[in-house]
Amino acid sequence: MMEQYLALKSEAGESLLFYRMGDFFELFFDDAKVAANILDIALTSRGEHDGEPVAMCGVPVHSAEGYLARLIKAGQRVAIAEQVETPDEAKARAKREGKPASKALVGRDIVRFVTAGTLTEEALLNPRAANLLVALADVRGTIGLAACDISTGTMTLEECSPAMLGAELARLGATEVVVPEGWEHGPEEASFHARSAFSSDGGSDALQKVHGVSTLDGFGDFSRAMLAAAGGLIGYLDHVGRGTLPLLLPPVLRDNSAGMVMDEATRGSLEILESQNGARTGSLVAALDRCSTGAGSRLLAQDLSAPLLDHAAIEDRLSLVQFWRERPIERANLRDVLRALPDIGRALGRLVAGRGSPRDLGQIRDGLGEAWRLYYWLSREDDRPALLEALVPQLAGHGALTDLLSRALVPSPPTERSNGGFIAEGYDASLDELREVSGNARRAIAAMEARYREETGIASLKIKHNGVLGYFIEVPSRHGDALMAPDSGFTHRQTMKGAVRFNSLSLHEEASRISEAGGRALAAEEAHFEDLVGAVVEAREAIAATAAALARIDVSAANAERASEGDWCRPEISEEYALDIEAGRHPVVEAALAKVGDRFVANDCNLGCDDRLWLIGGPNMGGKSTFLRQNALIVLMAQAGCFVPAASARIGLVDRLFSRVGASDNLARGRSTFMVEMVETAAILSQATQRSFVILDEVGRGTSTYDGLALAWAVVEGVHSRIECRCLFATHYHELSRLAESCESLSLHHVRAREWKGDLVLLHELAEGPADRSYGLAVAKLAGVPKDVVARAKAVLEKLERSREETGGLAAGLGELPLFAAAVPEPQATVEDALAAKLRDTDLDALSPRDALDLLYDLKRSLD
């Protein structure tokens, strides 16, 4: 056995090996130590190998999914080694090989690798989050990305430059990333696969084979980088599935220019899909999500991760939200229907991957049936918007399949098919006969039990069944001798503590009838299951389209529900250079305040060509960062097709959204907080365009006052005069207000605060003009800094302010600096330049030794 295990472990590599032994998956050696620590289960040992005890632990097969989930969450990969033959088949094989049948070892093989990106089991997946596997390939400096959620089969192909890889991976939020062996440019936790699989020709061939086509022209014009990534993805899926591929729908070509670009820092800062602590609670998607289905929640997260740039597509989404917003009764009815829908997309994924159950077939049946009801209702609605008009036909067309599944399956199919009982009565006459024979035989056994009790006079005699003995007769030990007599008609089988077990010829015959009929019935049901799965697989693309249509309808109704709850408005999307938001609010902060009965203070934001950069001052905790983030989120939500928390909003399309708000250190990469801030600021200055929207908070903090002010000053000038994009810039450097004198499109604003009877009152209102002071000491007092420390700080502050008044302050002389574009100094001639010119003009070949020495002395005197 150990030889077999070690051979399989060599195939599993770094994956933990689940080795099937009866009703348990066993782990040995280091695998057992790792798993026992993660799963908090007992670690034991048995026997020796190479003179050392063999460490081992195990988990029950029937509850293995829960343990797998914990191992995958801990970053492990698991190889599942199952028995691939029965004991009888193993004995027959041993005989053919000339070996003793009694020592035949049941054959085992790795049937599947379980990794974070290849999960399909319902218990292992978050119903409201996609589970993306992404493969990367580099072809002549262009990175191809192939992304697939195998639980639903969706697949997209795209490409980007190496500099944008981080932003694209942040948008996708992949659970697992696969790269070629030895490739150094992927994420630190990437999985490796054979480099040979990442070829464009191999990727093209693999896609054609999967989808049964001779050319990919009908799917899109894919680049070589995209096809190489697709080849790696399919190769990896084939490897982990051991030759069985999951559901893969036709690939969709994604054009990166069709969506708003956001880098990883921006996504983290805006807390789009998860908050700073890594949880969904407190994120934008949690504040917006009112979806009735898991598929809808997954699609909403996808929308927020990739806001659109296509004006018409945005308007289509907004019009569908408006349609449901204006129909509250119909919206409530729709949401009730959707709430009862099964997740047919993921049920389809399990069935195609060969991991489905009768329950999954039932979910397909029920989901398609409800989709037809929605089709019948929605097709009769008046004034349907264009997007709904396109979605409604995708809800129909499954009548034959739904009828087949309805006739074939019981109303509530089980999750396990090994015990049968999921094919409905009346679907198969021969199956019904087998069940009747089995049922009659069981009644015959009950009658036999009564007859034996009467004949023997043993009232406690029972006929029982277990997996080892089959059917047997059991009596208490005190009656055992009566049945031991040779002429009793009973054959002794087993003596237990307190009981004795027997068999009889009649019982054996009935048991054989039951076993034969039951086995044939199970085989018949298994055959029907395969046929029904085949019918579903054949219609997989149409079913997936229905699932996608239901998800989009769910998202639109949920957005309408959220807009109705918060009295949100429909944004006006414009091609103009504008950002006009009246009474805007932060959706997450407003929701948090509402829970404790507080009101959010709304503020306006009006950016345009003549006033595109707002410099915002004011105290800490006054609401500057919240104001910056809320406007970025409103832009993001509008271009994702959501209503926004404002009285009105006119959004000029934003091609790139940048947020540098609230940095922290990155010790793993050796970066301080200030270094992280500078890296993010550098990305903004190098990548932002005139159509971008940038929010910057406290640029320049974390270094000396003079350095910080100088950097902040230069960054403001650069954004204003070189990039010329819309920008909100929050700062505590009051000296920056002097930029309003030289930057014509910059205006000054501040968050209002007042001191009342020694206490600071934060008004959270934005007003025009520069901030009069920072109120830092008042905030320190609010935070609980000891009074003596605050008093000492006040004394130091007074002395510093007197010194500033005497010297003209930090910004003395900055007003005379030219603007950023003119700030590059003219090159000045240096002594070194003069020496170099003199050397160039000297003919060295014409110099005598004495002249050369004199020249050297002359050059040295010039340097001195």
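## Terms and overview

Helices here are DSSP runs of H or I with at least four residues, numbered from the N terminus. With that in hand, let's look at the enclosed spaces of this predicted model. The count comes to 3 cavities of 30 Å³ or more, and two of them are described below.

## The largest cavity

At about 70 Å³, this is the largest cavity by volume. Its wall is built from Ala 167, Glu 168 and Arg 171, together with Arg 254, Asn 256, Gly 259, Met 260, Val 261, Met 262 and Arg 267.

Which elements each supply at least two residues of this lining? They are helix H5 (165–172) and strand E13 (261–262). Helix H5 gives the most, with 3 residues. Sorted by class, the lining has 4 nonpolar, 2 polar and 4 charged residues; Glu 168 and Arg 171 are among the residues that line the cavity.

## The second largest cavity

Next comes a cavity with a volume of about 50 Å³, the second largest. Around it sit Asp 303, Arg 317, Leu 320, Val 321, Leu 387, Arg 552, Val 555, Ser 556, Asn 559, Ala 640 and Gly 641. Two or more of these lining residues come from helix H11 (311–325), and likewise from helix H20 (540–566).

Which helix gives the most to the lining of the second largest cavity? That is H20, with 4 residues. As for chemical class, this lining divides into 5 nonpolar, 3 polar and 3 charged residues.

Notes: Residues numbered from 1 in each chain as written. Predicted model: local features only at pLDDT ≥ 70, side-chain atom pairs only at ≥ 80, totals over all residues. Heavy atoms only, no water. 1 Å grid on protein atoms, 1.4 Å probe; cavity = no way out; pocket = protein on both sides within 12 Å on 5 of 7 lines; lining within 4 Å. Points joined across faces, edges and corners; volume = space filled by probe spheres on them. Nonpolar A, V, L, I, M, F, W, Y, C, P; charged D, E, K, R; others polar.
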